[in-house]
Amino acid sequence: MWVSVARTILKNRIAILVLLAVVTAFMGFQSQRIEMSYQYAPLLPEDDPAFLDNEYFAKVFGNEGEVVVLGVQDSLFFGVGHVDRWRQLKQELEAIHGVSEVFSVLDAYDLQRNTALRKFELQKIFPDRHAQSDLDSLRQVFERLPVYEGLLYNKKTKAYLMAVFLVPEVLQSPERVQLIENIKAAGARYEKGNGTPLHYSGLPFIRVETAEMVKRELNMFILLTLGITALVIFLFFRSFKVVLFSMLIVGIAVVWALGSQALLGFKVTILTGMIPPLIIVIGIPNSVFMLNKYHQEFRKHGNRIKSLQRMIRKIGNATFLTNLTTASGFATFIFTSSRLLVEFGIVAAINIMVVFVLSLLLIPIIYSFLGDPQERHTKHLDRKWMTGFVDQLLQVSLYHRKGVYLVSALLLLAGGYGISRMHTTGYMLDDVPHDHALYADLMFFEDHFGGLMPLEIVIDTQTPRGVMQTGNMQKMDVLQQRLDSFPEFSKPLSFLEVVKFSKQAYYNGHPNFYDVPNARERNFILSYLQGDGQASMGLVNTFMDSTRQKARISLRMADIGTTRMGELETKVNGFIEEVFPKEDYDTMVTGASIVFFKGTNYLIRNLFLSLSLAIVLIASFMAWMFSSKRMVIVSLLPNLLPLITTAALMGYFNIPIKPSTILVFSIAFGISVDDTIHFLAKYRQELSETNWNIRAAVILATKETGLSMVYTSIILFFGFGVFSMSEFGGTLALGLLVAFTLFVALFANLILLPSLLLTLERMITNQSFKEPVMGIYEEGDETDVEDDWPLKSGTESERQ
């Protein structure tokens, strides 16, 4: 097969180049259409009960996630100048395109009882014009109203909040970035005039800011990975041509990756943003293995075209299968049912195979146009320090196998203990550095207002107008008091706040009457409230459905992580069931916090399944390739040992299992097994040439593949190490852990794997391994393409 592939590529090189140029231009055009994702991709599948509950809640009560909050801690807040600047900030925000409403302390109102008309009248507390003496008295009026404490201000810490409601259509359009920038610009003017820092948060703000961070990192990582891999390749090959053409291939692959993502309609997320640099890092080893083989072949007979043909024929299949196993590691994410990971898996798997095809086509075509390699181009094959390093590793396998097994056993024991120390967690801003303004601002709102992550409780009384019954209102009040005792929660908010506020107003504003009306008070207080007819009942209606059968209790909670969230969910559900028994009420706990918590746990479970699937899938490939079950088991050991070591490292250094770090294992396993395939393929080839001499086959396989394995491992190590410069903790951990895993995998494949082959010898190297279903390194067909090479011009070696 690969003879025909080589012949086709070299005989149709002009047509192939034209086709690739056209497709690349098309992909480049498509890549301009790619968009950033400014929303959290749902981690849960769309048929998950938690996802469906949240969708039902949004349908009944609306979406509450379109609010940006601004906060300030100011002990002089009620000074005339400070109030004026707060009002000016409010006015500037209201004038911004995409802002529908702004609500803060200055918009607070009081309820006044009108006995004659039997209704409550709204009275704005803070007028537009005021003297300092007026402000002092108005402040006292404001602070006598418990409804606002914990929602708009924190009396103890002198912190004040401003809620900016955004237009959903603008928030879902590309204008959202400019909208957030305009809000920040208005805030900056306030900070400059008032001399106090302003804090920003809210789900829309966090989404836009993190998306912009991803966008900046995408460009940075592409440049860094190109630069680092180019430098490493130059140090190995000492050839600017090798560097240039290797970079050209992965550069085209990046264009195709972005274009394919746009064609599929996938937006750039924190995961898909990593694909272009991943393609660069993973694609370079194709060039290394091919060019090493090309130079080795050229040294044998000095014929460039024959060398290129044999390069394709001898390692084309092995390179294809190594790319296939790597792509398979990514493709297993498709089975997680999480849109975030499914999109990542699809784009990564497709484009890993694309970069293989580009390498297979472009390397032989480009080098067919160039002159013969000079002696300086092939000197890297004789680099003493590198060949000496491989020889030293070979000596360990040959003469110190007991030590190899002892070290491996110790690593496994240490790994088992380290794994026992691993823990799972997940925070909304888990990957944002703790010294970043985004994280610091979230902490500000958690410290002063209990947090920002929405938590919603829905109570269905199963009776129309049931929520207005005195008994049910009192039950809700009991539940809210229990919820208010949790430091992780903000002050609960429901229609009861308006009802209590109304009772306080009915009794002439005395704070002691801010509570749920009894059965005797209920009817006439509600009659006053309904007589208002506008704002008060409008607020009530946002917390009940149209039939008054269902009511919601809204809370905001701190970003406490999935472990604590699981404990809280159990306690909250226990309280709810105690107050509202299941036989009489239907209840639901939902909101973005629950969806995130459930989604993170779901994702981690499925990623473990994905890793297991990757191991089974890749083992199946190897069983098919080598036709030896025993060989598959032996080949998996050197690749599982690095995973266990990395897992132990996470346990020892308290690196939690979370979506970003669990990716390490599938990615690293898919890549590290490539070296095993190259080694065993060469080992099997050498067995036939050395008349079944296992020791000689191991030595020859180590010497020939070892150099390429070291080259590619170093490139991968530094390539993934680039991710350590990420602002996101998860991306940083991913880069460092994958780099470490591949570093361990290199030694496992060059020391432990040969040791196992030498120790077990004929027990695993059986006849079926010698005569497999398929060939990987092909040697049999010596028909060369130059026999009917179409060019009439060229070097003498091309025409001979």
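# Questions on a predicted model

Me: In helix α12, how many of the 31 residues are buried?
Reply: In this predicted model, helix α12 is mostly covered. Of the 31 residues that make up α12, the number that are buried is 26.

Me: How far apart are the end C-alpha atoms of helix α12, and what span should its residues give?
Reply: Helix α12 runs over residues 339–369, which makes 31 residues, and at 1.5 Å a residue these should span 45 Å. The distance between its end C-alpha atoms agrees with that expectation, so the value for both is 45 Å.

Me: Which residue has its charged end over the ring of F369?
Reply: The ring of F369 has a charged end sitting over it, at 3.9 Å from the ring centre. That charged end belongs to R13.

Me: What is the overall make-up of the chain, and what share of its residues counts as buried?
Reply: The chain has 28 helices and ten strands, and its C-alpha trace spans about 110 × 55 × 40 Å along the principal axes. Of the 800 residues of the chain, the share that counts as buried is 59%.

Me: Why is the pair of F78 and F126 described as stacked, or what angle do their planes make?
Reply: A pair of aromatic rings is described by the distance of the centres and the angle of the planes. The structure holds 38 aromatic pairs. For F78 and F126 the ring centres lie 5.7 Å apart, and the pair is stacked because the planes, which must be under 30 degrees apart for that label, stand at 25°.

Me: How many residues apart are F78 and F126, and which parts of the chain does the pair link?
Reply: Both F78 and F126 are buried, and the pair links distant parts of the chain. F78 lies in the loop between β1 (67–73) and α4 (80–94), while F126 lies in the loop between β4 (119–124) and α5 (132–143), so that the separation along the chain, as the pair is described, is 48 residues.

Me: Where in helix α23 does a kink lie?
Reply: Helix α23 covers residues 629–652, and its 24 residues should span 34 Å at 1.5 Å a residue, which agrees with the 34 Å between its end C-alpha atoms. Within α23 there is nevertheless a kink of about 30°, placed shortly before the proline P638, and its position is L637.

Me: Which residue just after α23 takes a positive phi?
Reply: Just after the end of α23 there is a residue whose phi is positive, at about 60°. That residue is N654.

Me: Which element gives the most residues to the lining of the largest cavity?
Reply: The structure holds six cavities of 30 Å³ or more, and the largest has a volume of about 200 Å³. Of the 18 residues that line this largest cavity, the closest to its centre are P285, F289, I671, D674 and L716. Elements giving two or more residues to the lining include α10 (275–301) and α11 (304–331), but the one that gives the most, with five residues, is α24.

Me: Is F444 buried or exposed?
Reply: F444 is found in helix α16, residues 437–449, and its C-alpha atom is 9.1 Å from that of V72, although the two are 372 residues apart in sequence. Because its relative accessibility is 8%, where the limit is under 20%, F444 counts as buried.

Methods. Residues numbered from 1 in each chain as written. Predicted model: local features only at pLDDT ≥ 70, side-chain atom pairs only at ≥ 80, totals over all residues. Heavy atoms only, no water. Phe/Tyr/Trp six-rings, centres within 6.5 Å; stacked < 30°, edge-to-face > 60°. Helix = DSSP H or I, 4+ residues; strand = E, 2+ residues; numbered from the N terminus. Buried < 20%, exposed > 50% of the residue type's maximum accessible area, 1.4 Å probe, protein only. Lys NZ or Arg CZ within 6 Å of the ring centre and 35° of its normal. Expected span 1.5 Å × (residues − 1). Bend = angle between axes of the 7 residues up to and from the residue. 1 Å grid on protein atoms, 1.4 Å probe; cavity = no way out; pocket = protein on both sides within 12 Å on 5 of 7 lines; lining within 4 Å. Points joined across faces, edges and corners; volume = space filled by probe spheres on them.
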